[in-house]
Amino acid sequence: MERTTLDLWVGIFVVAGIGALVALAFKVGNLGTYNVRDTYQVQAYFNNIGGLKPQASIRSAGVLVGRVTSITLDSERYQAKVLMNIDSRYQFPTDTFANILTAGLLGEQYIGLAPGGEEKMLAGGDTIKKTQSAMVLEDMVGKFLYDKAAQESE
Amino acid sequence: MSAQALVEIHDVNFAYGRRQILKGINMTFPKGKLVAIMGLSGCGKTTILRHIGGVLKPSQGFVKVDGQVVHELDQDTLYRLRRKMGMLFQFGALFTDMTVFDNVAFQMREHTDLPEEIIRDLVMMKLHAVGLYGTQDLTPAELSGGMARRVALARAVALDPMLIMYDEPFAGLDPISLTVVGELIRRLNDALGATSVVVTHDIQESLKIVDYVYFIANGMVVAEGTAEEVRASGDAFVRQFVYGEMDGPIPFHYPGADFNKDLGVRV
Amino acid sequence: MAIVKALRGIGSRVINAVWRIGYAARFFFKVLFYSGMSFRRFRLTVREIFFSGVMSLIIILVAGTFVGMVLGLQGFETLKRYGSESALGSLVALSLVRELGPVLTAILFASRAGSAMTAEIGLMKTTEQLSAMEMMAVNPVARVVAPRFWAGVVSMPLLAALFSALGVFGGYVVGVIMIGVDSGQFWSQMQSAVDFKGDILNGVLKSFVFGVAVTVVALFEGFDAPPTAEGVSGATTRTVVESSLLILMLDFILTAFMFRGD
């Protein structure tokens, strides 16, 4: 068994390559931000989710508290059904308000949770009843023009 | 005779596409002998070696090595047979990415489970036999043509084969290397008790060492005999070949249309 | 008549091409079939990883860094118009991990390691080293070709990962250190945009597929090269051209499968 320098170089190469993959996974990707802690799942229905995607973050007062796990269309209500995993360290009242918000003008969309005043807390499987859909730019512009026209006609 | 024959070539025909290379070749290589196959460049000498090694299959006839018909063997048996053959390629065909040592040790490492110390000793013995002990750490690029040929020779006999084939062992060698390589071929054959086949067109060098000669032209055996018989032969082809005459049974002119007619000359 | 002749020429070229593809496919299966030795005697493969992987490190690292820096610069200029400089991190990372990392690495790998493989095997064939091996009862596909194949397949994803990682670093240097984008936003936007499974693993899968494609083309061209000096040089050129085109075509197909929809 000779040529140890060659083996050394190959070893360095493989370690560096795997290191780069790990760095990509944790530093660049979202693997490091996955919650490995206990979570509980709640759901919410939205009229329009805009550009919300699975793995989008769920924040309360700006703090990351969970992730969207799946988005489907409920064919009975014709609303988007969003399942989310929330860190079990955080408890929210049953009358919590779920908003689809946007980070910056063109940033990623996320769900913001605004806690209500109820004493009973959300548990796994519960549904958040108060929701507000994503703001869709076209609707906003349309609404603005409509309002403007209505004002002028008065 | 055929009881002691190591290689028997019986009525072998072979064609590359439509070009007929071998037309009914018959040869016998007795055990322990050094046989030369001679002929002009491109007459099918190397093709015969490839048939013995089982690289090519004859379209008719068969080649028998050590009692086995080569082209009927399956891959495993063929490979087992090839381990008992050594071959020296035209320009040595040394593995350029390995040292001299690794080249000679190649087959030992591939085909045996010998420990590295024994392989080392064996390699040194083989290198010593060809007079190149001390070159083991060089790469093939650092060797002269004659040295490379000798290393290839050491590699060919690494596993003490029963049959050694040489494809143009004298091509492109200086006079001294020529004698050295010729002498080595003879000595290795006798020392190993092997049978050797030399394919060559270098008649003077090979007549010094071989026992028996086959002459090939146009894919057929045209003459054969021992070295003495060849020297004394009155056969026109053999004479032309041995003495290097320009015209004879092998014409100087390519068999084209009538040249005079082409020029419009009336003779 | 000229048209007939031209058509006949095209036809024979097409038939020839299909023939070669079939031959290459058979070659590929033969390589897989005789791969046992590359694992039983792993040193053979390690040696080839050195020649194809380690020797390509410098070019990959330098190229990755600079591509990342260019992305940082160009991305910033474009994003600034929409006031979304904070998305620079996600732009740089997504472009690298999904596309530029695997594709550029594969093309560089084809021209650095692939061409070397073709030339080496073509020369071994020209100098009868492969025939010699065959006569020594050693299968050249198992001994020479398969270890190089597996070395390429192992090296490519690692090189692509290094390319992307260095690229992100290059983007960080330009975007955050030189231009002054907020470091926290750079990373957090990146992390929320890049999905481990959807982006990073798919990128690795892509580079794996490209690694297979490049090495098979390179080894096949070497193995199939006419045993002359022109034959080998032509084969080397074909390796670079064919594998680069193949990479781009495969990239389109893979991207269509991986990233459609969401």
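Colleague: How many residues do chain C and chain A each bring to the contact?

Modeller: Call two residues in contact if their C-beta atoms, placed from the backbone, lie within 7 Å. On that basis, chain C puts in 32 residues and chain A 26 residues. This is a predicted model, where local features need pLDDT of at least 70 and side-chain atom pairs count only at pLDDT 80 or more, while totals for chains, interfaces and linings use all residues. Residues are numbered from 1 along each chain as its sequence is written, and chains are lettered from A and ligands numbered from 1 in the order in which they are written.

Colleague: Which elements give two or more residues to the side of chain C that touches chain A?

Modeller: Helices (H or I, at least four residues) and strands (E, at least two) are DSSP runs, numbered from the N terminus. Those on this side of chain C are helix H3 (42-52), helix H5 (88-126), H7, helix H8 (183-193) and helix H9 (196-224). H7(C) has the largest share, with seven residues.

Colleague: How should I read H7(C), and where does it bend?

Modeller: Start with its span: expect 1.5 Å times one less than the number of residues. H7 of chain C runs over residues 140-179, 40 residues in total, and covers 55 Å from first C-alpha to last, close to the expected 58 Å. For the bend, compare axes fitted to the seven residues ending at a position and the seven starting there. H7(C) turns by about 35° at Ala146(C), with a proline, Pro147(C), following within four residues. Just past H7(C), Gly180(C) has a positive phi of about 100°.

Colleague: Why is H7(C) largely enclosed?

Modeller: Buried means 20 or more other C-beta atoms within 10 Å of a residue's own (12 or fewer is exposed, in between is partly exposed; C-beta atoms are placed from the backbone). By that count 34 of the 40 residues of H7(C) are buried, so the rest of the structure largely encloses this helix. In chain A, 25% of the 154 residues are buried.

Colleague: What is the strand order of the open sheet in chain B?

Modeller: Strands of a sheet pair through backbone hydrogen bonds, parallel or antiparallel; pairing here takes at least two DSSP bridges. The four strands in chain B run S2-S1-S4-S5, paired antiparallel. Strand S2 (19-30) and strand S5 (68-69) of chain B are the edges, each pairing on one side only. S5(B) joins strand S4 (residues 60-65) of chain B over two antiparallel bridges, and Gln68(B) in S5(B) is the bridge partner of Val65(B).
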